Amino acid sequence: MADVYGAITDAALNRIVGFAHVRAPFLFNYVAPSLQVVLDADQNFAGLQDLWLTCAPVPDSPLPGVPKYRRMPPFQLPGIPIGLPYSIQIVDAKIDFHPGNEVVLPEELRPPLGGQGIALKAQLLFGLSCVPDGIVETLTRQQFGLTDTIPRFSVLPVTHLECFVLDLYATGQLAVRTTPQPGPYPLQQVRLEVDGIEIVDITPKGLEGAIECYLRAMLKGYVLPRLVLGLEDLVLRTLGITFTPHLTPALPNNPAAEQDELRVWLDLEVS
């Protein structure tokens with residue numbers, strides 16, 4: 001029998017997502033910044049600084065020290081020897097647990113939502129930088145009226161992005177990865193594995209498939225690994241007691257996504 005049981009409904013989790021959108025904006029705003037030239041009082045070159053461009057404004061978090069953006073590497077376009085700024089903003093998101101009543105899946109994802117399935121609907125705001133004609137060949141400081149000794153930029157300096165909106169649907173399920181470590185229990189990490197992604201109403205189909213492929217790679221290679229829930233030691237320092245949680249074994253699904261809830265059963269090791 002588990003020592004601790006916890007559950008949260010998808011409706012409650014969606015309220016938490018809305019709360020986090022305000023207090024932790026870096027979880028929803030992924031930006032490869034541009035560069036801008038900094039001039040001193042005499043209009044001489046004083047250096048470069050990041051220019052964080054987005055399509056929708058991002059208010060500061062009410063919590064001190066919380067960043068507005070998560071830095072991404074610039075996009076590399078074949079044949080263009082300079083990084084390109086961009087932004088990806090999640091402006092609306094909704095999560096749904098099996099059997100599914102919060103998200104209506106498109107036919108491409110074969111509804112209804114399968115057992116232990118998790119569905120996601122998100123509105124994504126993309127901002128891409130346009131490369132002006134000839135700028136790659138002539139991108140030197142003369143463009144800014146500066147000296148010849150300043151090297152070329154590593155990132156394209158732009159002041160705005162070309163913006164568009166996409167509606168994204170995704171399905172997946174929770175998986176537990178265990179890593180051996182000293183002691184009787186392995187390290188356990190709960191991950192969300194993406195099964196399918198669908199972007200609505202992009203034509204031609206080849207372009208839609210390519211964008212979905214890139215989004216899937218970004219989710220699996222960058223975003224989701226940072227959402228890993230590691231079961232770490234919980235220390236009550238005032239009592240000198242350490243509670244180490246472990247997923248209760250021998251259950252068919254733990255954690256479980258069922259009956260519109262995310263459920264977890266834990267055993268606690270006390271030391």
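Strand β14 (residues 261-270) is joined to β12 by five bridges, and the two strands run antiparallel. The model in which this pairing occurs is a predicted one. Within the pairing, T244 has E269 of β14 as its bridge partner. β12 is mostly covered, since five of its seven residues are buried. In a regular strand, the side chains alternate between the two faces of the sheet.

The loop that connects β12 (241-247) to β13 (256-258) contains T248. This residue, T248, has a relative accessible area of 10% and is therefore buried. T248 and W265 are separated by 17 residues in sequence, yet their C-alpha atoms are 5.6 Å apart in space.

Salt bridges were examined next. Side chains of opposite charge can pair when their charged atoms come close. Four salt bridges are present in the structure. One of them links R263 to E258, with 3.3 Å between the closest N and O atoms. R263 also forms a salt bridge with E261, and here the closest N and O atoms are 2.8 Å apart. E258, E261 and R263 are thus linked in a network of salt bridges. R263 has a relative accessibility of 13%, and because buried means under 20%, this arginine counts as buried.

Another salt bridge is formed between K68 and D60, whose closest N and O atoms are 3.5 Å apart. With a relative accessible area of 24%, K68 is partly exposed. D60, by contrast, has a relative accessibility of 58% and counts as exposed, because the cut-off for that class is over 50%.

The cysteine residues were considered separately. The count of disulfides comes to one. This disulfide is formed by C55 and C163, whose sulfur atoms are 2.0 Å apart. The torsion about the S-S bond of C55 and C163 is about -90 degrees, so the disulfide is left-handed. C55 is located in the loop between β4 (45-51) and β5 (70-71), whereas C163 belongs to strand β8 (residues 162-179); the pair therefore ties together parts that are 108 residues apart in sequence. C55 counts as partly exposed, at 23% relative accessibility. C163 is likewise partly exposed, with a value of 41%. Two further cysteines fall into the partly exposed class: C130 has a relative accessible area of 47%, and C213 has a relative accessibility of 42%.

Towards the N terminus, helix α1 comprises 14 residues (residues 10-23). At 1.5 Å a residue, this helix should span 20 Å, and the C-alpha atoms at its ends are 20 Å apart, so the model agrees with the expected span. An α-helix has 3.6 residues a turn, so residues three or four places apart point the same way. In α1, the buried residues are D10, A12, L13, N14, V17 and A20. The elements that cover these buried residues of α1 include β1 (4-9) and β6 (86-97).

Conventions: Residues are numbered from 1 along each chain as its sequence is written. This is a predicted model: local features need pLDDT of at least 70, side-chain atom pairs count only at pLDDT 80 or more; totals for chains, interfaces and linings use all residues. Side-chain values use heavy atoms; hydrogens and water are left out. Helices (H or I, at least four residues) and strands (E, at least two) are DSSP runs, numbered from the N terminus. The expected span of a helix is 1.5 Å times one less than its number of residues. Buried means under 20% relative accessible area, exposed over 50%, partly exposed in between (1.4 Å probe, protein chains only). Contact means heavy atoms within 4.5 Å. A salt bridge is a side-chain nitrogen of Lys or Arg within 4 Å of a carboxyl oxygen of Asp or Glu. Two strands pair if DSSP finds at least two bridges between them. A disulfide is a pair of cysteine sulfur atoms within 2.5 Å.
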